[in-house]
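Trainee: I am new to this structure and would like to go through it with you. Could we take it one question at a time?

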Amino acid sequence: ENIAGAMISPSVQKVPSALRHLLIFPYVGGLRFAHTLLQRGGYAQLDKAFHAPPLSTEQVLHPEKFLNGDPSFRDLPVPKPPSGAEAKPKDLLYSDRLGEFVISALIGSYLPPLRASEAAAGWDGDKLALYPSARSKFGVLVWDTEWESDNDAKQFFDALRDAYIVRFGRTEQQSDAFATFDAKEMGTLSLSRKRRTVKVEVR
């Protein structure tokens, strides 16, 4: 079936934009990745990728990083519950890494695609963790992100803050490196930046 044709069908258009992007990424991003490998090293290079596939969506988006053999991201530890939370590290419900593409897709749900991709391009690693909460059925979410430079972290922070303003409305508090939002039924969302680190907490 034609991918482009499927993506403009009425049923698919009802799917949130971030999920649509995730659904087509293996086809569009994967095709560009494979094409680059074929150009650089022919089918032998493509065969190598099947035996040692990319370690992150960043390597798919930037094939030169894959070809250089650089994992190009930090494997961050699982974030601990925020201070004052009832949960303990042993209560962890779920943990995952999002990666450059998912971050770009999430921001792109509320901001122009170019700004979203530029904001995610300096990604150097991330890890999120979900803990139970007696006060909210959504639990407590902690998301740590690392960026290749202070400027990359600031660009991401600014874009994510603006995306949250579109999503939740005005900020409750705001500075150059901190913002909080009323995340409706989820609770209070805080966004903070320190050098190359940007942290999100929802509780």
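Trainee: Is Leu19 buried, partly exposed or exposed?

Mentor: Let us start with the ground rules: this is a predicted model, where local features need pLDDT of at least 70, side-chain atom pairs count only at pLDDT 80 or more, and totals for chains, interfaces and linings use all residues. Residues are numbered from 1 along each chain as its sequence is written, and side-chain values use heavy atoms, leaving out hydrogens and water. Buried means under 20% relative accessible area, exposed over 50%, and partly exposed in between, with a 1.4 Å probe and protein chains only. Leu19 has a relative accessible area of 42%, so the answer is partly exposed.

Trainee: Which residues form a nonpolar patch with Leu19?

Mentor: Such a patch takes residues with over 30% relative accessible area and no salt bridge (a side-chain nitrogen of Lys or Arg within 4 Å of a carboxyl oxygen of Asp or Glu), and joins nonpolar side chains (Val, Leu, Ile, Met, Phe, Trp, Tyr) within 5 Å, or like charges within 9 Å. Accessible areas here come from the Shrake-Rupley method with a 1.4 Å probe, and for residues only the protein chains shown count as cover. The patch has about 250 Å² of accessible area together, and the partners of Leu19 are Leu22 and Leu23.

Trainee: Is Tyr131 buried or exposed?

Mentor: You will find Tyr131 in strand β2 (residues 123-131); strands (E, at least two residues) and helices (H or I, at least four) are DSSP runs, numbered from the N terminus. Its relative accessibility is 2%, so Tyr131 is buried.

Trainee: Which residue has its backbone oxygen 2.6 Å from a polar atom of the Tyr131 side chain?

Mentor: Tyr131 touches several residues beyond four places away in sequence, including Val78, Pro79 and Gly139, where contact means heavy atoms within 4.5 Å. The one whose backbone oxygen lies at 2.6 Å from that side chain is Pro79.

Trainee: Is Arg195 buried, partly exposed or exposed?

Mentor: Arg195 sits in the loop between β6 and β7 (197-202), and has a positive phi of about 55° although it is not a glycine. With 66% relative accessibility, Arg195 is therefore exposed.

Trainee: How many aromatic pairs are there?

Mentor: Rings of Phe, Tyr and Trp (its six-membered ring) pair if their centres lie within 6.5 Å; planes under 30 degrees apart are stacked, over 60 edge-to-face, and the rest tilted. By this rule the count is seven.

Trainee: What is the centre-to-centre distance in the stacked pair of Trp147 and Phe156?

Mentor: Trp147 and Phe156 are both buried, and they form one aromatic cluster with Trp143. Their planes are 25° apart, and the centres lie at 4.3 Å.

Key:
Polar contact = N/O pair within 3.5 Å; in protein donor to acceptor, adjacent residues only side chain to side chain.
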